[in-house]
Amino acid sequence: MKKILISLTALMLSLSAMADEGMWLLPYLKKMNEKDMKAKGLKLKAEEIYSADKLALKDAIVIFGRGCTGEIVSPNGLLFTNHHCGYPNIQALSSVEHDYLKFGFWAMNNQEEIPAPGLEVRFIRQIHDVTADILGNIPSISGGEERVKLVGENKQALVAKLEQENPGMEVIIPTFFGGNQFFAFVMEVYKDVRLVGTPPSSIGKFGGETDNWMWPRHTGDFSIFRVYAGKDNRPAEYSPENVPYKADKYLSISTQGYKEGDFAMIMGFPGSTTRYMTSSEIDFMLEVDNPQRIYIRGERQAILKEDMAASDKVRIQYASKYAQSSNYWKNSIGMSRGIQKLNVKGKKEQQEASFQQWAEENTLPEEGYIDALQLIEESMSEGKEARATSQYLREAFLTAVEILSPARTLARVEKLEGEKVNEALEKMKEWYKDYNAPTDRKVAKRMLTIARENMKELPSIYAEVIDKEFGGNIEAYVDDLYDRSIFDNEEEVLALIKNFDKSKIENDPAMALYKSVMKLFLAKQAVVLPTQLRYADGHRRYIAGLMLQNPKKAWASDANFSLRLTYGQVLPYHPVDGVRYNYYTTLKGVMEKEVEEDGHEFFVPARLKELYEKRDFGRWADENGEMPVAFLANCDITGGNSGSPIMNNRGELIGLAFDGNWEAMSGDVAFEPELQRTISVDVRYLLFIIDKYAGASWLLDEMTIR
């Protein structure tokens, strides 16, 4: 056997990517990707996409909110993102009197733009490979708690150093390749962001749950915001005196369209993939993780949906919560289906067998590659039941039963005085705005019932209170809890905050439920933690070993909500034998799907029908006189890429990425080149809605449209 030692960074820089799979790190584009990108049709240089010291396309791409991407499209800070990305903010700004979800909203000048409290936009100002800073003093054989501690200390010190060197900036250092590599991202955070325009949900969410993750798609999934700054163009808290952000770099827009085979690229912030997942991890996903999530969320969503249909007030209150829950619910259904249908586990097993043989024949035991898969398998086996219980508690109690949220918040408070009282009051008022007690009571009854039916180990509240005091009657227990808890009543909670009394919290029945759930949750987490440490060691060594085993392959790190680029071509696909899906859809398909029922997921607004019937598409129609709506490309994206710009070979905006396709839902675990497609809304449809539907053509004047 021979000992293998090689720098991961040096290995990556010696490679050249030759596949559409990959969420590529921008600093490596020139070395790893430029040649292949140009072969596929790119007209730009890598430096025009990303440069460490010059303006590039990268500088127009932002983190939008907590988990999406946006792009700046004018010198005045105008920003495009998906409708579903702006949805929580649109919902928060909506009321029965001003129902922006149902009817949309369009500012007709800067003064009408609406501040979106809490919404932030982050610009990436610097990217540094800091692997040497993080791992330089850590022995290669270290693992477990020791390694976690050393990495954490080095990260903390480096963040402090970079923040001192970059005053007012935010610094994060995410992990790449399972802990084998680290990059620092220096970000500027703008906190005054305002809603400029959004189509009604009948356009922005057209197709609803039925069409989610499906093709053909006809959803106008976009919304428009604007970034505001202080007079010095730097970040500032909201003020009427703030001015639109002056962007040094913004995307120009192409209305020239695309054809099959055209180059396309997407830049954004993919959230999470698990491409290095092993077969034992797939077993847990298929047997525990996905089935529990699908069942629990499905039960809760059925209750929410019924109450939302019966009341406009409840519909607005729960619109964003329902959308976020159902999105990952359907994703989990499709993920399980895809993994089984495409034999992903079998492919992983083949890769693992090959890796194990390579490790045993070519590496030394002390390097850790031989034992890498064993560590992962042991971790998944030993922590299986504790992980399952933790997930059930999180999904069925801590997330689903909303009354536990204010209880959890105030449980951490010892005293409230001064300005903290006003801060707490504002936060609670904001939370209760979207809380409906009768709905939550129904949810609690169902969640506590299914927990009893399905969990092997229950929180102690079942034996100590539900069984002992209520004879096992969950409905009676829940009714008593909601009748007596102060957390079911906004006025009582606000009064408590003004005259804080810890004893009232400690003796509240909702607090008793919360503490019981958390006691079991923390006990299970204590079991899971040691297995997670062994998993991290095995995962890190497995990834490093795979790269050493296959030194000529271009490897991309799993997504971790850091800035990446993916590229490919505009392409159709064949989902099953005898079926070929075209690579674009038009407004004709919207009309073909129409259901004439106000509020239905396929309802079409009268104004949109009128424009279609008159063929009044303006300059936004394609060369055949049709109004394009959405299109496909074989780019590699995942959650977090929502709102990302999809650009042509000149770096011009041609659409916004918003979804993947049902047949390749296993793509977060294993990329499927023949099936995997990104679904994007065509920028021409977006401009058509702004111009012809909304009459907000003043916005077009500040864009560069070609």
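**Notes on L425, K348 and the nonpolar cores**

1. Let's start with L425: beyond its neighbours within four places in sequence, this leucine is in contact with L494, I497 and K498. Please keep in mind while reading that this is a predicted model.

2. L425 belongs to helix 16, which spans residues 419-433. Its relative accessible area is 8%, so L425 counts as buried, the cut-off being under 20%. As for R226, 199 residues separate it from L425 in sequence, and the C-alpha to C-alpha separation in space is 28 Å.

3. K348 is worth a look too. This lysine sits in helix 12 (residues 344-362) and is buried, yet it has no salt bridge. E352 carries the nearest side chain of opposite charge, 6.9 Å away.

4. What does the side chain of K348 have around it? A polar atom of this side chain lies 3.3 Å from the backbone oxygen of M277. Leaving out residues up to four places away in sequence, K348 touches R275, Y276, M277, S279, I282 and V669.

5. On to the cores. The largest nonpolar core contains 110 residues, and I49, M265, L587, L608, Y685, F688 and I690 have the most contacts inside it. The element that gives the most to this core is helix 25 (residues 683-693), with eight residues. Apart from this core lies another, of 59 residues, including M308, Y477, L481 and F487.

6. L587 is a nice residue to display for the largest core. Setting aside neighbours within four places in sequence, L587 is in contact with L608, Y612, F617, M627, V629, Y685 and F688.

Conventions:
Residues are numbered from 1 along each chain as its sequence is written. This is a predicted model: local features need pLDDT of at least 70, side-chain atom pairs count only at pLDDT 80 or more; totals for chains, interfaces and linings use all residues. Side-chain values use heavy atoms; hydrogens and water are left out. Helices (H or I, at least four residues) and strands (E, at least two) are DSSP runs, numbered from the N terminus. Buried means under 20% relative accessible area, exposed over 50%, partly exposed in between (1.4 Å probe, protein chains only). Contact means heavy atoms within 4.5 Å. Lys and Arg count as positive and Asp and Glu as negative; His and the chain ends are not counted. A salt bridge is a side-chain nitrogen of Lys or Arg within 4 Å of a carboxyl oxygen of Asp or Glu. A polar contact is a pair of N or O atoms within 3.5 Å; within protein, one must be able to donate a hydrogen and the other to accept it, and residues adjacent in sequence count only if both atoms are side-chain atoms. A nonpolar core is a set of buried Ala, Val, Leu, Ile, Met, Phe, Trp, Tyr and Cys residues joined through side-chain atoms within 4.5 Å.
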